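Thanks for coming. I'll go through one structure today, starting with how the chains are arranged and then moving to sheets and helices.

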There are 2 protein chains.
Amino acid sequence: LNYRQVTKRTISCLQSLIGDDNVLHDPDELIYYSGDENPAGISAKPDVVVTPQNTQQVSQVLTFANDHRIPVTFRGQGTGLSCGAVPLYGGIVLSFERMNRILEIDEDNLVAIVEPGVVLLTLREELARYGLFYPADPGERTSAIGGNVATNAGGMNGVKYGNTRQYIVGLEAVLASGAVLQLGGKTLKRSTGYELLHLVVGSEGTLAAITKVILRVMKEPQRVITLYVPFPNLTAAIATVPQIIREKITPTAIEFMEQELLLMVEQQVDQRMPHDGAAAYLIIRLDGDEETSLYKMGEAVADLCLARGAEDVLIAESREAQARIWDLRGRFYEVLKSTNILDTVDAVVPISQIAEYIRLGKQISKKYGLTIHGLGHAGDGNVHLMLLKDTLSDTAWSEKLPKTKQELHEAAVALGGTISGEHGIGFEKKKYLPLIASKDELAIMRNIKHVFDPNNILNPGKIFDI
Amino acid sequence: LNYRQVTKRTISCLQSLIGDDNVLHDPDELIYYSGDENPAGISAKPDVVVTPQNTQQVSQVLTFANDHRIPVTFRGQGTGLSCGAVPLYGGIVLSFERMNRILEIDEDNLVAIVEPGVVLLTLREELARYGLFYPADPGERTSAIGGNVATNAGGMNGVKYGNTRQYIVGLEAVLASGAVLQLGGKTLKRSTGYELLHLVVGSEGTLAAITKVILRVMKEPQRVITLYVPFPNLTAAIATVPQIIREKITPTAIEFMEQELLLMVEQQVDQRMPHDGAAAYLIIRLDGDEETSLYKMGEAVADLCLARGAEDVLIAESREAQARIWDLRGRFYEVLKSTNILDTVDAVVPISQIAEYIRLGKQISKKYGLTIHGLGHAGDGNVHLMLLKDTLSDTAWSEKLPKTKQELHEAAVALGGTISGEHGIGFEKKKYLPLIASKDELAIMRNIKHVFDPNNILNPGKIFDI
């Protein structure tokens, strides 16, 4: 890939284009923009960072970079897990940190218009003031909405509410050429040619910059309850999930965890959960507007769990009690990462295959002697496997890890699933993409990349190699 | 466009590829495959029709057509309104009438796998046997699901359930080259590169053949009620709609109609609606599982209507009473078309702008002296305007019609809306596409077309000109 070097002249050009304040080049500052939360700690230092404040400045930077063949990597909050924001080829990191305004909350049309740098938590809090709710719920609430769109971020609410894609009705996108596209709008229905919007969603910064997002929002559910259900073993817990779906009950979220992980996290955060003596747990969130029907749904789920051998069903009703459970659940990755060298798999399988996938995971874990903890979104088939280095030597880890991951991805695909539910392909999963995309499909993807970004300046080295 | 002629030799090649039974070339038979339901009656006779029975045969036909530069136009049930199935350049019509099997209804994963020729009504009936429900509800229930996918069909349920796109989780698609792509699958979450699936949805047969569809289905709502609400004038009726949305109530459907149209249809179908003396009507469908909360929602909607001047609120509860209302509503287009020369506009505007759009529509109607009836999906902003020739001379009609349509489309776009909500662009709306897609966006669309179909054999002349 034949990129031009960023020189002093490049930097002064950028400064004169968008202002000195919006161009960072102090080596100490650049380090902050080198990585994301990817478990392997892969990072690369940009040559310069720009923090444009509006669409026009984004367009100016891209036009300049395109003319000068300088790679550009977009960055929201750098909370991604797949190296999406890592500038593998150096060049420019374009950070959306200064484009973080909520532009409009439109109650008549139930949409919000936001800049890409808006942090999810901020959006949630602002919407709540209007009794509104943005359903996509990636675990990382400090993530920026632009990154959520770029990775089609998922999260716990996927069972009922799906991924980010479901809520994107409009985008402003800037092409590598600097051209600004207005895709979609405030209307929900549309049949007007090829949906470039849905091509940009999930494209991980390789097709266009996202400079504005129009989100569909909805009424905040009036009531939420959480069931905390200890099981004597993981198989019984997981086998309950398709039963719930088959009964056509739609919880908001169904998470599962095993005792070993729970105890590890409890110890780290110095907090204990009730009934922490069971081997496995389901945590089930239900929402609705009407108390009676919500509790009826809760009872039906509880009955299904008990019939499948649950040791108990604890119901958390207060906001605080529920927050305690979900906060603990939300800290698993962070705690594991702070105490272990680890890697993750973001596989998805059809709901009916979750139990089988976990069984295969344990089998693969044994085969390679590599500790694997299952964790995650049982309700939508998005199983996060945590692969721990534990006591393995560096050599053993670097030898076993790729083989284990290869087999785990192959197993997901063999069960009718896929290799990423919500983290994206990024850098590290590129080699597994051919497991689910045929040569013909990959060829189409590459050609589409060429249509949008003929000089391959946008986030090069991600999703696939050119 | 330099296509090769279909000759006797072409026909015998097709016969030897997929069997004599699957190749129709009798001139009388070909007429049936010339048109769709487009109001202008635009049609074009194919040179030959093929009715492949499986994906392999589709692939064989496309490979052959691509090698020989023969245009191919796909056809489901020919119920489209935008000439999608009209073979403008002759050549081959590929009809999916023999690929009409429901392959699987998977209750564990709440998905159905169907061939593209399955008729919507058949799918609904089959799903109902499992207590399942496919929410996208285009008015035309004899349409084929493949066509629904190709146009991202919408319908009355858009308010609550959205368009077809929301329910497509997997597609099998055949490229012009004959290559078969498997896009998506039974899983709901996915972040694995560019979403070609969403590019094929809504592409109106110009990018690929759709040979298999994996649909997300859901539990059939336990209860449905319909409110039939007469208003003293259209403005009052329409102004109620954003109020309902603003109160964060989500009906399944909100339709509106005016008395003049109602009386016209009543006369034609020889059936009378109660309270048919009002100037305008809202028809509102609500669904839910729980009787109490459903009726609470019904009361809230009724109160909002009455506060806005509704003359009465009639509630239909029995299946039959509701069916009578919706069947009548469903026959408007057919009745109008059988008694008038007409044209339609499928504009969408943000919900908050519906009243203004109708006002502008009436103004444009007056300006050109062309009768326009508004009708349609008030709840999602998808206003169908029916433009009637009435007593106009042929010359006046052909002079006024394009000007009126141009202004109606411009008005929708000016209000933040778009030019097609669910019918697609097809042939006749091509000239309006630049109203909503910039040159840069159109250039990207054209290049994507070239990536998928370099010889431009798939449904040429639709969406845009090459």
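Before the interface, one term: contact here means heavy atoms within 4.5 Å. This is a predicted model, so keep that in mind throughout.

With that cut-off, 100% of the interface residues of chain B are also interface residues in chain A, so the copies meet through the same surface. How is chain B laid on chain A? A turn of 180 degrees with a shift of 0.0 Å along the axis does it, at an RMSD of 0.0 Å. That is the relation of a two-fold axis.

Now the first sheet I want to show, in chain A. Four strands make an open sheet there, ordered β1-β2-β4-β3, and the pairing is mixed. At its edges are β1 (23-24) and β3 (72-75) of chain A, each of which pairs on one side only. The neighbour of β3(A) is strand β4 (residues 92-95) of chain A, and these two pair in the parallel sense over four bridges. Within that pairing, A:Thr73 has A:Val93 in β4(A) as its bridge partner. Helix α3 (residues 55-68) of chain A packs on this sheet, where it touches β2 (48-50), β3 and β4 of chain A. The direction of α3 makes about 165 degrees with that of β4(A).

Next, a helix pair in chain A. The axes of α8 (residues 234-246) and α10 (residues 291-307) of chain A come within 9 Å and cross at roughly 140 degrees. The two helices are therefore oblique to each other. The crossing of α8(A) past α10(A) is right-handed. Which residues meet in this contact? From α8(A) there are A:Thr240, A:Gln243 and A:Ile244, and from α10(A) there are A:Val301, A:Leu304 and A:Cys305. By class, the contact has four nonpolar residues, two polar and no charged.

Last, a sheet in chain B. Seven strands form an open sheet with antiparallel pairing, in the order β15-β12-β14-β13-β17-β18-β16. β15 (314-316) and β16 (342-345) of chain B each have a single partner strand, so one side of each is left without a neighbour in the sheet. From one strand to the next, the twist averages 20 degrees. Inside the sheet, β13 (residues 253-258) and β14 (residues 280-288) of chain B pair in the antiparallel sense over six bridges, and B:Met257 stands opposite B:Tyr281 in β14(B).

Two helices to finish. α12 (residues 332-339) of chain B packs on the sheet and makes about 145 degrees with the direction of β16(B). α14 (residues 394-414) of chain B also packs on the sheet, touching β16, β17 and β18 of chain B, at about 10 degrees to β16(B).

Notes:
Residues numbered from 1 in each chain as written. Chains lettered and ligands numbered in written order. Predicted model: local features only at pLDDT ≥ 70, side-chain atom pairs only at ≥ 80, totals over all residues. Heavy atoms only, no water. Least-squares fit on C-alpha atoms with pLDDT ≥ 70 in both. Pairing = 2+ DSSP bridges. Axes fitted to C-alpha atoms, helices over the stretch in contact; angles between N-to-C directions. Parallel < 35°, antiparallel > 145°, perpendicular 65-115°, else oblique. Left-handed = near helix turned anticlockwise from the far one by under 90°. Nonpolar A, V, L, I, M, F, W, Y, C, P; charged D, E, K, R; others polar.
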